[in-house]
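Visitor: I have a model open on my screen and would like to learn how to read it. Could you walk me through some features, one at a time?

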Amino acid sequence: MDEAPELGEVVFTLGYTKRDIVYTQGAVSSETGFESDSVYYEVSLPSNAGHSGAPLFNEKGNLIGIITAHLSDKQAVTYILKHDYIQDRLDRLSDSLEIALSTNYSKRNTSTKRLIKLYRPFIFEVH
């Protein structure tokens with residue numbers, strides 16, 4: 001993704017909070033994370049065990065980041081490791097690994113339902 005998400009932008013995730021894959025929708029509520037950490041976003045998204053490590057997408061299907069934590073004492077506050085931070089780490093690995101980032105299923109103008117069908121096979125639970 002080339003642009004950072006805007007405040008209020010609708011986002012969604014797919015994760016395994018139970019045996020079946022679960023779709024959850026929310027919105028970007030802050031451009032920084034816990035204690036104003038600039039590596040994270042804060043989103044108003046209810047998250048549970050099973051969401052950690054799940055991808056977060058915007059409505060176009062672009063990866064916004066990865067879910068890393070939630071505050072149990074605040075309802076629906078979740079922290080997302082920013083895409084550009086992840087991309088920077090992948091770029092540093094590119095000399096030693098062959099990573100094809102050119103395939104982007106989200107370049108098509110499509111609905112959230114279609115994006116869920118496209119991304120679902122790539123999201124799995126690890127024990």
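Guide: Sure, let's start with a single residue. Phe57 has a relative accessibility of 7%, so it counts as buried. Keep in mind that this is a predicted model.

Visitor: How do I get from a percentage to a word like that? Is Tyr119, say, buried or exposed?

Guide: You compare the value with a cut-off: under 20% relative accessible area is buried, over 50% is exposed, and in between is partly exposed. Tyr119 comes out at 9%, so it is buried. Now look at the two rings together. The centres of Phe57 and Tyr119 lie 4.5 Å apart and their planes make an angle of 5°, so this pair is stacked. Phe57 belongs to strand β4 and Tyr119 to helix α2, so the pair ties together parts 62 residues apart in sequence.

Visitor: How many aromatic pairs does a search of the whole structure find?

Guide: Four. Another of them is Phe12 with Tyr23, which is tilted, at 5.6 Å centre to centre and 35° between the planes. That pair also links distant parts of the chain, since Phe12 is in strand β1 and Tyr23 in strand β2, 11 residues apart. Try the accessibility test again here: Phe12 is buried at 2%, while Tyr23, at 34%, is partly exposed. Ring pairs join Phe12, Tyr23, Phe57 and Tyr119 into a cluster.

Visitor: Let's go to the helix. How do I find which side of it faces inwards?

Guide: The general idea is that an α-helix has 3.6 residues a turn, so residues three or four places apart point the same way. In α2, which covers residues 112–119, the buried ones are Leu115, Ile116, Leu118 and Tyr119. Looking down the axis of α2, you find these buried residues within an arc of 165°, so they line one face of the helix.

Visitor: Which exposed residues does the face turned away from the buried side of α2 carry?

Guide: Lys113 and Lys117. On the buried side, the cover over α2 includes the strands β1 (10–15), β2 (22–30) and β4 (55–58).

Visitor: And strands? What pattern do I look for there?

Guide: In a regular strand the side chains alternate between the two faces of the sheet. Strand β4 is a case where both faces are covered: Pro55 and Phe57 on one side, Leu56 and Asn58 on the other, are all buried. Strand β1 is mostly covered too, with five of its six residues buried.

Visitor: How are those strands put together?

Guide: Follow the bridges. β1 and β2 pair antiparallel over six bridges, and the two form a hairpin with six residues between them. β1 also runs antiparallel to β4, joined by three bridges. One of the residues to check is Val11, whose bridge partner in β4 is Asn58.

Visitor: Which residues are the bridge partners of Thr13 in β2 and in β4?

Guide: In β2 the partner is Thr24, and in β4 the partner is Leu56. Thr13 itself sits in strand β1.

Visitor: Thr13 has a polar side chain. Is Thr13 buried or exposed?

Guide: Buried, because the relative accessible area of Thr13 is 0%. Then ask what the polar atom has for company. A polar atom of the Thr13 side chain lies 2.5 Å from the backbone oxygen of Pro55. If you skip neighbours within four places in sequence, the contacts of Thr13 include Val22, Tyr23, Leu45, His51, Ala54 and Ile67.

Visitor: Can we try the same reading on another residue?

Guide: Take Ser30, in strand β2. The Ser30 side chain reaches the backbone oxygen of Thr32 at 3.1 Å. Beyond its neighbours within four places in sequence, Ser30 is in contact with Leu7, Tyr41 and Glu42. The C-alpha atoms of Ser30 and Pro5 are 9.9 Å apart, with their positions 25 residues apart along the chain.

Visitor: You mentioned Tyr41. Which residue lies over the face of its ring?

Guide: That is Lys82, at 4.7 Å from the ring centre of Tyr41.

Key
Residues are numbered from 1 along each chain as its sequence is written. This is a predicted model: local features need pLDDT of at least 70, side-chain atom pairs count only at pLDDT 80 or more; totals for chains, interfaces and linings use all residues. Side-chain values use heavy atoms; hydrogens and water are left out. Buried means under 20% relative accessible area, exposed over 50%, partly exposed in between (1.4 Å probe, protein chains only). Helices (H or I, at least four residues) and strands (E, at least two) are DSSP runs, numbered from the N terminus. The arc is that of the directions from the helix axis to the C-beta atoms. Contact means heavy atoms within 4.5 Å. Two strands pair if DSSP finds at least two bridges between them. A polar contact is a pair of N or O atoms within 3.5 Å; within protein, one must be able to donate a hydrogen and the other to accept it, and residues adjacent in sequence count only if both atoms are side-chain atoms. Rings of Phe, Tyr and Trp (its six-membered ring) pair if their centres lie within 6.5 Å; planes under 30 degrees apart count as stacked, over 60 as edge-to-face and the rest as tilted. A charge sits over a ring if NZ of Lys or CZ of Arg is within 6 Å of the ring centre and within 35 degrees of the ring normal.
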